[in-house]
Amino acid sequence: MDRARVDALAHDLATAGYVGGGVSARVGADASDALARMVATPARRALGDASDPLATLVRLLWLGDAVPVEAAAAALPTVGVAGAESLGIVERRGDDVAPLLTIRPYAFRDALGSGEWWIASDLDELSGVHPLRPDHVLGVGGAARTLAAILPPVRAGSALDLGSGCGIVSLHLARLADRVVATDLSERALAMTRLTCALNGVDRVETRQGDLWDPVAGERFDLVASNPPFVITPRAEGVPAYEYRDGGRTGDALMQEVVEALGAHLAPGGAARLLGNWESLAGAAGLDRVRGWLDAGGVDGWVLERESLDVVRYAELWLRDGGTRPGDDDHAPLLTTWLDDFAARGVRSIGLGWVAAQARDGALAPRIRVEHVGHAIGLEHAGAHLQASIEVQERLAALDDDALRDLHLVAQADVTELRHLRPGATGPTVIELTQGGSLGRTTQVDTAVAALVGACDGELSVGAILDAIASLLDVDATALSSEALPAVRELWIRGYLAEADPEDDAG
């Protein structure tokens, strides 16, 4: 890759105002929203016959349209059409210049602030490409945004992007780590990663080609992130396979392979954040199977299953993702092959979710938490919450009930209480605590725990509050404490409560 030409291309993109805000202002909010939904017609209509540099770049690099040579030359005055050709971005077709890939602006906000990058990826359905090529390199999708959002907001010396694709997660890791290694089985994906990083002036990402952990054998990292090709696709003749999503293993074996190797690749104190799928088999729930993978890998972890699909819906989802829709000639045969594969292996359902893992501290008992969290979650604070919750779990592992009673806790400012009463009732039948941040949970509690949360302002210890509540309710204080403390632990893990600042308590 000619870095000087990449820098020249970046200069031309910036000079033309080819950034998210500029494009949105040019085509209008409705057309911009449509682009996010992979609908191009409103943007084409808004651009009309305009041939200025910004309009040309939107057509060429976002919509995937060929443009006249003269317009392309005017939009790329520094790198030139020949320079863009040498980078593999466009090609001449008679009197036109046609794109070979897309470069789209991507705005982000994370714990370190906000910014915008250009992301290189393959031409897709928005560009009229259907079906996708087997070695298609996906752009910024929901999975990549989710993985970026759940990264821990902590500094790391070294980071690994396992399965880098277009390189978006590598860019996010480069904001957190001094050194990033990006791996992928696809050399085409690594080329996109290199172009993406170079366009944005990020130099500390090293790319390595190979299958899963092979390129980093014997190495350990402070932070590992991976959106691996976890889609469970039948290994049968005639079933299309896409490098960006299909790992070439039977069932969820690839996900198992990734998770079980974490312990060998995390440095002491290291963390990993993964997306994945896992199967529930007859007699073996998916979450329990992932728990076993983490334990076999010798790491602590927290598995959050965000969705569980029956086998028919799962197959339909990924058939549609690959461009095969109901009514197409090959839809019914392919769907039958998927369902036959699941039936042969006794698959009942497939879970989709997140895995947050930590290098295991041998001085502490293993900690593995699995749960289904299926409600809608705002991702803005997800990474910080996951990290804080993992730290709380580690803290609680060292606290017995007497030590917990001695702590001073505070209720988070985003927590609200909702009481449900039957008409005419004197007391609530259901009490719910709801979060505005963290993972946006709603948790049902009893009267005593609700009262405790309401009284947690850092002034009194947990034990003192529970004793006062026991007195008010005229119940045995020891029994109430035994019943309430497990709920206190869970509410602290979930982010409803936090430990009071000792300085505030002293003041």
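Leu 433 has Thr 443 in S17 as its bridge partner, and this pair is a handy place to enter the predicted model. The strands around it, S16 (residues 430-435) and S17, run antiparallel to each other and are held in register by four bridges. Step back a little and a third strand comes into view: the open sheet has the order S15-S16-S17, with antiparallel pairing. Strand S15 (415-420) and strand S17 (442-445) are at the edges with a single partner strand each, so one side of each has no neighbour in the sheet. From one strand to the next, the twist averages 25°.

Follow the chain onward from S17 and you come to helix H18, which covers residues 447-455. Asp 446 caps the N-terminal end of this helix, with a side-chain oxygen 3.3 Å from the backbone nitrogen of Ala 448. Ala 448 is also one of the buried residues of H18, a list that includes Val 449, Ala 450, Leu 452 and Val 453. When you look at such a list, it helps to recall that an α-helix has 3.6 residues a turn, so residues three or four places apart point the same way.

Now let us move to another set of strands. Strand S3 (residues 96-99) pairs with strand S1 (residues 67-68) through two bridges, in the antiparallel sense. Within that pairing, Pro 68 stands opposite Asp 96 of S3. S3 also runs antiparallel to strand S2 (residues 90-93), this time with four bridges, and here Val 90 has Pro 99 as its bridge partner. S2 and S3 form a hairpin with two residues between the strands, and in this hairpin Gly 94 takes a positive phi near 65°.

Next comes a pair of helices. Two packed helices are described by the angle between their axes and the distance between the axes. For helix H1 (residues 3-15) and helix H10 (residues 187-199), the angle is about 60° and the axes are 9 Å apart. That angle makes H1 oblique to H10, and the crossing is right-handed. On the H1 side, the residues that meet H10 are Arg 3, Val 6, Asp 7, Leu 9, Ala 10 and Leu 13; on the H10 side they are Leu 195, Ala 198 and Leu 199.

While you are at H10, have a look at Thr 196, which lies in this helix. Is Thr 196 buried or exposed? Its relative accessible area is 0%, so Thr 196 counts as buried. Beyond residues up to four places away in sequence, Thr 196 touches Trp 118, Ile 119, Ala 120, Cys 166, Gly 167 and Leu 171. With Cys 166 there is a polar link too: the Thr 196 side chain reaches the backbone oxygen of Cys 166 at 3.0 Å. Ser 170 is 26 residues from Thr 196 in sequence, and their C-alpha atoms are 9.4 Å apart in space.

Our last stop is Arg 249, in the loop between strand S9 (221-226) and helix H11 (253-260). Which side chain makes a polar contact with the side chain of Arg 249? The partner is Asp 211, at 2.9 Å. A polar atom of the Arg 249 side chain also lies 2.9 Å from the backbone oxygen of Gly 247. Leaving aside neighbours within four places in sequence, the residues in contact with Arg 249 are Asp 211, Leu 212, Thr 233, Arg 235, Leu 254 and Glu 257.

Notes:
Residues are numbered from 1 along each chain as its sequence is written. This is a predicted model: local features need pLDDT of at least 70, side-chain atom pairs count only at pLDDT 80 or more; totals for chains, interfaces and linings use all residues. Side-chain values use heavy atoms; hydrogens and water are left out. Buried means under 20% relative accessible area, exposed over 50%, partly exposed in between (1.4 Å probe, protein chains only). A polar contact is a pair of N or O atoms within 3.5 Å; within protein, one must be able to donate a hydrogen and the other to accept it, and residues adjacent in sequence count only if both atoms are side-chain atoms. Two strands pair if DSSP finds at least two bridges between them. Axes are lines fitted to C-alpha atoms, for helices over the stretch in contact, and angles run from 0 to 180 degrees between N-to-C directions. Angles under 35 degrees count as roughly parallel, over 145 as roughly antiparallel, 65 to 115 as roughly perpendicular and the rest as oblique. A crossing is left-handed if the near helix is turned anticlockwise from the far one by less than a right angle, and right-handed if clockwise. Contact means heavy atoms within 4.5 Å.
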